[in-house]
Amino acid sequence: MSDEIKAVDKSLQSILAPHITEKATMVADKFNQVVFKVTQNATKAQVKFAIQTMFKVEVKSVNLLNVNGKTKRAGRSMGKRNDWKKAYVNLKPGQEINFAGE
């Protein structure tokens, strides 16, 4: 494979799943943003390229946020959830991503 194809493939694999929560729904309505779970090493450019390619929308900007895993306790032992990264994708006016598939 050429380096360009590898870069495209890596960009598309950087998106893991949409992150649908109460806050994400509020942000989507108020600011025309969509929230995604992304890989730990994803960059803004990779996320922007992947969203534009997969959903055929125009992306205005991308903000990335590292989320630290919570410390949890099970009986006497302590554990920690994995750290992860999320992306707030700001869409251009008139653009929309519909996860219902309608």
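Let's start with Phe55. This residue is partly exposed, with a relative accessible area of 28%. Keep in mind that the model is predicted.

Which ring does Phe55 pair with? Its partner is Phe36. The ring centres are 5.8 Å apart and the planes meet at 35°, so the pair counts as tilted. The count of aromatic pairs here comes to one. Phe36 sits in strand β2, residues 33-38, and Phe55 in helix α3, residues 44-55. That is 19 residues apart, so the pair links distant parts of the chain. Is Phe36 buried or exposed? Phe36 is buried, at a relative accessible area of 1%.

Now the sheet. It is open, has four strands, and the pairing is antiparallel. The order reads β1-β2-β6-β3. Which strands stand at the edges? They are β1, residues 15-18, and β3, residues 59-67. Each has a single partner strand, so one side of each lacks a neighbour in the sheet. On average, neighbouring strands are turned by 30° against each other, direction ignored.

Next, β1 and β2. Three bridges join these antiparallel strands. Ala17 stands opposite Lys37 of β2. Lys37 also lies over the face of Trp84, 4.8 Å from the ring centre.

Last, the helices. Helix α2, residues 22-31, packs on the sheet. α2 touches β2 and β6, the latter being residues 84-91. The direction of α2 makes about 140° with that of β2. Helix α3 lies across β1, β2, β3 and β6. Against β3, α3 runs at about 125°.

Methods:
Residues numbered from 1 in each chain as written. Predicted model: local features only at pLDDT ≥ 70, side-chain atom pairs only at ≥ 80, totals over all residues. Heavy atoms only, no water. Phe/Tyr/Trp six-rings, centres within 6.5 Å; stacked < 30°, edge-to-face > 60°. Helix = DSSP H or I, 4+ residues; strand = E, 2+ residues; numbered from the N terminus. Buried < 20%, exposed > 50% of the residue type's maximum accessible area, 1.4 Å probe, protein only. Lys NZ or Arg CZ within 6 Å of the ring centre and 35° of its normal. Pairing = 2+ DSSP bridges. Axes fitted to C-alpha atoms, helices over the stretch in contact; angles between N-to-C directions. Contact = heavy atoms within 4.5 Å.
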